[in-house]
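I opened this entry to keep a record of what I looked up, in the order in which I went through it.

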Amino acid sequence: MFQNGTDEGFVNPEQIGYVGFANLPNQVHRKSVKKGFEFTLLVVGESGLGKSTLVNSLFLADLYPERHIPSASEKITQTVKIDASTVEIEERGVKLRLTVVDTPGFGDSLNSEDCFTPIIEYIDEQFERYLHDESGLNRRHIIDNRVHCCFYFINPSSHGLKPLDISFMKAVHHKVNIVPVLAKADTLTKKEVLNLKRKIMDQIDEYGINIYPLPDCDSDEDDDYKEQCRQLKEAVPFAVVGSSESFEVNGKKVRGRRYPWGVVEVENPDHCDFIKLRTMLITHMQDLQEVTQEIHYENFRAEKLAGGKVVKQRTSRSGVQQPEATDREQALMEKEAELRQMKEMLAKMQAEMAAQKTGNSPVSNHQPRQNGEVKSQNV
Ligand SMILES: Nc1nc2c(ncn2[C@@H]2O[C@H](COP(=O)(O)OP(=O)(O)OP(=O)(O)O)[C@@H](O)[C@H]2O)c(=O)[nH]1
Ligand SMILES: [Mg+2]
């Protein structure tokens with residue numbers, strides 16, 4: 001049997017045929033369940049690493065079993081533009097509006113940073129639109145298209161991260177939750193996967209790249225959940241295999257890749273981390289949304305309020321700490337406090353004047369004014 005996994009005994013917590021987001025109500029209160037979840041996933045990386053194939057295997061094809069699945073002859077073609085597809089799905093009464101944003105892979109162009117500029121612009125545009133809608137009148141029905149998670153695909157045939165991988169991740173790590181993915185894991189042996197994973201994590205540390213930190217689970221969670229969290233953390237970067245074809249293995253139809261020596265099964269946790277990646281996304285969907293709102297969006301908003309001036313970026317959540325106020329926000333808050341004080345003073349003075357006219361003072365701590373003069377305040 002072809003084995004390429006990194007951890008044995010990982011149990012898919014969901015039933016076959018379900019994506020698993022029906023468990024989301026456990027993560028949030030009822031109001032958002034009624035409204036439904038909005039989630040956007042972005043896939044980025046070098047060209048030909050299997051991004052389009054993976055997102056198709058991950059959600060889109062699975063969600064519509066009755067939908068036409070392309071045969072080998074109509075395979076996924078090279079992605080040439082940023083392509084967002086949205087599906088609205090309902091599982092056991094829970095609604096999810098899922099947008100998958102597929103991007104053209106980085107090519108071999110000399111000025112490679114050019115190829116990721118449109119992706120960064122896309123992320124910023126979604127923040128911009130949200131900020132605009134949030135400051136508008138109809139704030140109840142804002143559609144959240146902000147990018148909540150970015151799968152970054154790493155080439156399995158390089159000996160770790162390339163300079164382009166590092167510069168892309170550093171350019172966006174304060175804008176989006178990065179989840180690194182080791183592409184085409186079927187091209188590596190089990191030992192090679194482990195070594196490459198270690199190397200990539202070392203480089204992520206060394207270059208100060210902030211990837212999405214999978215949250216720790218509470219001590220009162222059950223042991224199975226704790227074990228699942230541990231295995232998910234250990235699997236980063238997730239070594240994945242994608243395929244748009246299905247084969248029959250032991251009488252069961254499975255999505256996979258056929259080799260002369262056997263079939264690599266996409267959804268077999270012993271073969272790759274595909275199921276772990278999907279479980280991670282579902283289990284931490286709520287957290288990914290919160291980090292997007294509290295850190296990445298706040299960074300964007302702070303920078304906007306500072307008039308484009310670069311402000312100190314927050315890259316992680318520390319407890320319940322509120323985002324740092326920028327100089328401009330601070331100045332605004334001080335002005336507001338000043339204004340409030342002046343209004344109070346004015347009201348007090350008017351009350352005193354009225355009391356003097358009627359000859360009785362309503363203010364117990366009334367102080368006689370010098371020369372009976374009231375200075376006008378410039379509010
Ligand atoms: N061995 C192997 N091949 C894969 C895997 N996933 C996809 N492929 C193949 O790799 C080729 C490129 O796949 P795509 O999904 O188009 O790659 P992409 O990253 O979307 O490429 P661009 O759109 O150019 O960025 C296709 O021939 C796929 O069949 C995988 O996990 N393992
Ligand atoms: Mg593609």
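**Lys184 and its surroundings**

I began with Lys184, which is partly exposed, with a relative accessible area of 36%. I note at the outset that I am working from a predicted model, and that every value below is computed from it.

I then looked up where Lys184 sits, and found it in the loop between β5 (178-182) and α5. Its backbone caught my attention, since Lys184 has a positive phi of about 45 degrees although it is not a glycine. Most residues other than glycine have a negative phi.

Which residues is Lys184 in contact with, leaving aside its neighbours within four places in sequence? I listed Gly48, Leu49, Gly50, Pro156 and Val240. For one of these, Leu49, I also looked up the backbone separation: the C-alpha atoms of Lys184 and Leu49 are 6.8 Å from each other, although their positions lie 135 residues apart along the chain when counted as a separation in sequence.

**A second positive phi**

I turned next to Asn250, another residue other than glycine with a positive phi, here near 50 degrees. Asn250 belongs to the loop between β7 (246-249) and β8 (252-259). Is Asn250 buried or exposed? I recorded it as exposed, because its relative accessible area is 76% and the cut-off for that word is over 50%.

**The cis peptide bond and Arg198**

I checked the peptide bond from Val236 to Pro237 and found it cis, with omega near -5 degrees. Most peptide bonds are trans. Pro237 lies in the loop between α6 and β6 (238-239).

From Pro237 I went on to Arg198, a residue 39 places away along the chain, and noted that the C-alpha atoms of the two are separated by 8.9 Å. Arg198 is part of helix α5, and I entered Arg198 as exposed because its relative accessible area is 52%, where exposed requires over 50%.

**The acidic patch**

Where on the protein does negative charge gather in a patch? I found such a patch on the surface, made up of Asp218, Asp220, Glu221, Asp222, Asp223 and Asp224. I followed up one of its members, Asp220, which is placed in the loop between α5 (190-206) and α6 (223-235). Asp220 counts as exposed because its relative accessible area is 68%.

**Helix α7**

How many residues of helix α7 (residues 274-283) are buried? I counted 10 of its 10, and so I describe this helix as mostly covered, buried meaning under 20% relative accessible area. Among the buried residues of α7 are Phe274, Ile275, Leu277, Met280, Leu281 and Ile282, and the list also includes Lys276 and Arg278.

**The protein as a whole**

I closed with the overall figures. The protein has 9 helices and 9 strands, and buried residues make up 45% of its 379 residues. Of the contacts between residues at least 6 apart in sequence, 71% join residues at least 24 apart. The protein exposes about 21400 Å², and carbon and sulfur atoms supply 49% of that area.

Conventions:
Residues are numbered from 1 along each chain as its sequence is written. Chains are lettered from A and ligands numbered from 1 in the order in which they are written. This is a predicted model: local features need pLDDT of at least 70, side-chain atom pairs count only at pLDDT 80 or more; totals for chains, interfaces and linings use all residues. Side-chain values use heavy atoms; hydrogens and water are left out. Helices (H or I, at least four residues) and strands (E, at least two) are DSSP runs, numbered from the N terminus. Buried means under 20% relative accessible area, exposed over 50%, partly exposed in between (1.4 Å probe, protein chains only). Contact means heavy atoms within 4.5 Å. Accessible areas come from the Shrake-Rupley method with a 1.4 Å probe; for residues, only the protein chains shown count as cover. Patches are made of residues with over 30% relative accessible area and no salt bridge: like charges are joined within 9 Å, nonpolar side chains (Val, Leu, Ile, Met, Phe, Trp, Tyr) within 5 Å. A salt bridge is a side-chain nitrogen of Lys or Arg within 4 Å of a carboxyl oxygen of Asp or Glu. Lys and Arg count as positive and Asp and Glu as negative; His and the chain ends are not counted. The place of a charge is taken as NZ of Lys, CZ of Arg, CG of Asp or CD of Glu.
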